[in-house]
Amino acid sequence: MRTVCQVCMHHCSLEPGQRGLCRARKNEDGKIICENYGRITSLALDAIEKKPLKMFHPGSRILSVGSYGCNLRCVFCQNHEISMADFNTVETVYISPEALVDKALACKASGNIGVAFTYNEPLIGWEYIRDTGALIKKVGMKNVLVTNGTASIETLEEIFPLTDAMNIDLKGFTESYYRELGGDLETVKEFILRAAAGCHVELTTLIVPGKNDTVLEMEEKAKWIASVEAAVGKKIPLHITRFFPRYHMTDREATEVEKVYGLAETARKYLEYVFVGNC
């Protein structure tokens, strides 16, 4: 029986045995399952600032975990080896929610405050976040989500009560650019507004030459973020980061440092907390 996946804006209609665009969700006997549940490709104890989160427990560390798959197709993806992979093309190790919590607790002596679901797009495997996150909260630690923000609000609500902080990619501020990446700007804006209403949120934009690097676009984006701040009553940090040629986008140079700093100054006309990265 053909079944529609409701996790993100793609609403993949899948035949039995077929995987969705994300490569991680599958129709199994008429039911959409999370095929990458607990299938871990990456595990590292990172500085919280690498997520990047500048204003959430600064100076701490967090156990970062990733699986495989993504529901976008960014041609510059820095983690394409796992984000564009599926169960048959990448090596994984199964780590149960209980085992991951044990690892997080074992790292407390090294400054660990919890678990960050990151590296690939974590929300395509939201069930693992839900199950692990509940256990993380029980032991008094923090849950962090690093996401592209293209999941449905219904998916967000499944893990929202367990989430302490998010970094959300706001990849650009035009529908045409989001379409190039296989996404939808309005979906991301709705996601950000809901997320910021309930937990600590920081945003990140990678500045890609010729794609999202105009002053006008940055002004429109910063004004919109400021409107979200007004709606939720909190300040939202924006990270503006420098592009380097990666994956299928090696046809242009790295973003000029002066361009990144200039766009940061533009954003600071409207936002209090603007940070520059990769410069």
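**Figure 1. Lining of the largest cavity in the predicted model****.** Seventeen residues, given here as 17, line the largest cavity of this predicted structure. Those nearest the centre of the cavity are Ser67, Asn120, Pro122, Gly125 and Tyr128. Strand β7 and helix α3 each contribute at least two residues to the lining. The volume of the largest cavity is about 130 Å³. The structure holds three cavities of 30 Å³ or more.

**Figure 2. Surroundings of serine 83 in helix α1****.** Helix α1 spans residues 80–83 and includes serine 83. Serine 83 has a relative accessibility of 2% and therefore counts as buried, since the cut-off for burial is under 20%. When neighbours within four places in sequence are set aside, the contacts of serine 83 are Arg23, Gly69, Cys70, Cys77 and Asn120. Among these contacts, Asn120 also belongs to the residues nearest the centre of the largest cavity.

**Figure 3. The largest pocket and its lining****.** The largest pocket encloses about 1,000 Å³ of space. It is lined by 39 residues, and Lys51, Gln78, Asn79, Asp169 and Thr204 are the closest to its centre. Two or more lining residues come from each of the elements β10, β11 (165–169), β12, β13 and β14.

**Figure 4. The cis peptide bond preceding proline 52****.** Lysine 51 and proline 52 are joined by a cis peptide bond, with omega at about -10°. Proline 52 is placed in the loop between β6 and β7. Lysine 51, the other residue of this bond, is one of the residues closest to the centre of the largest pocket.

**Figure 5. The eight-stranded open sheet****.** Eight strands with mixed pairing make up an open sheet in the order β6-β7-β9-β10-β11-β12-β13-β14. The edges are formed by β6 (42–47) and β14 (274–277); each has a single partner strand, so one side of each lacks a neighbour in the sheet. From one strand to the next, the twist averages 20°. At the β6 edge, β6 and β7 (residues 61–66) pair in the antiparallel sense over six bridges. Leucine 45 has leucine 63 in β7 as its bridge partner. Helix α3 (residues 126–138) lies across β9 (112–117) and β10 (142–147), and its direction is at about 150° to that of β10.

**Figure 6. Lysine 142 in strand β10****.** Lysine 142 is a residue of strand β10. With a relative accessibility of 27%, lysine 142 counts as partly exposed. Although 29 residues separate lysine 142 and isoleucine 113 along the chain, their C-alpha atoms are 5.9 Å apart. Apart from neighbours within four places in sequence, lysine 142 is in contact with Phe56, His57, Ile113, Gly114, Val115, Ile136 and Asp164.

**Figure 7. The hairpin of strands β3 and β4****.** Strands β3 (residues 25–28) and β4 (residues 31–34) are paired in the antiparallel sense over four bridges. Glutamate 28 is opposite lysine 31 in β4. Two residues lie between the strands of this hairpin, and aspartate 29 in the turn adopts a positive phi of about 55°.

**Figure 8. Histidine 11 and tyrosine 119, two loop residues with positive phi****.** Histidine 11 is not a glycine, yet its phi is positive, at about 50°. This residue, histidine 11, occupies the loop between β1 (3–4) and β2 (13–14) and is partly exposed, with a relative accessible area of 40%. Tyrosine 119, likewise not a glycine, has a positive phi of about 75°. The loop between β9 and α3 contains tyrosine 119, which is partly exposed at 22% relative accessibility.

**Figure 9. The buried face of helix α8****.** Helix α8 comprises residues 257–267, of which Val260, Leu263, Ala264, Thr266 and Ala267 are buried. Viewed down the axis of α8, the buried residues fall within an arc of 155° and so line one face of the helix. The cover over these buried residues includes β12 (200–207), α7 (215–232), β13 (238–242) and β14. Of these covering elements, β12, β13 and β14 are also among those giving two or more residues to the lining of the largest pocket.

Definitions and conventions. Residues numbered from 1 in each chain as written. Predicted model: local features only at pLDDT ≥ 70, side-chain atom pairs only at ≥ 80, totals over all residues. Heavy atoms only, no water. Buried < 20%, exposed > 50% of the residue type's maximum accessible area, 1.4 Å probe, protein only. Contact = heavy atoms within 4.5 Å. Pairing = 2+ DSSP bridges. Axes fitted to C-alpha atoms, helices over the stretch in contact; angles between N-to-C directions. Arc of directions from axis to C-beta. 1 Å grid on protein atoms, 1.4 Å probe; cavity = no way out; pocket = protein on both sides within 12 Å on 5 of 7 lines; lining within 4 Å. Points joined across faces, edges and corners; volume = space filled by probe spheres on them.
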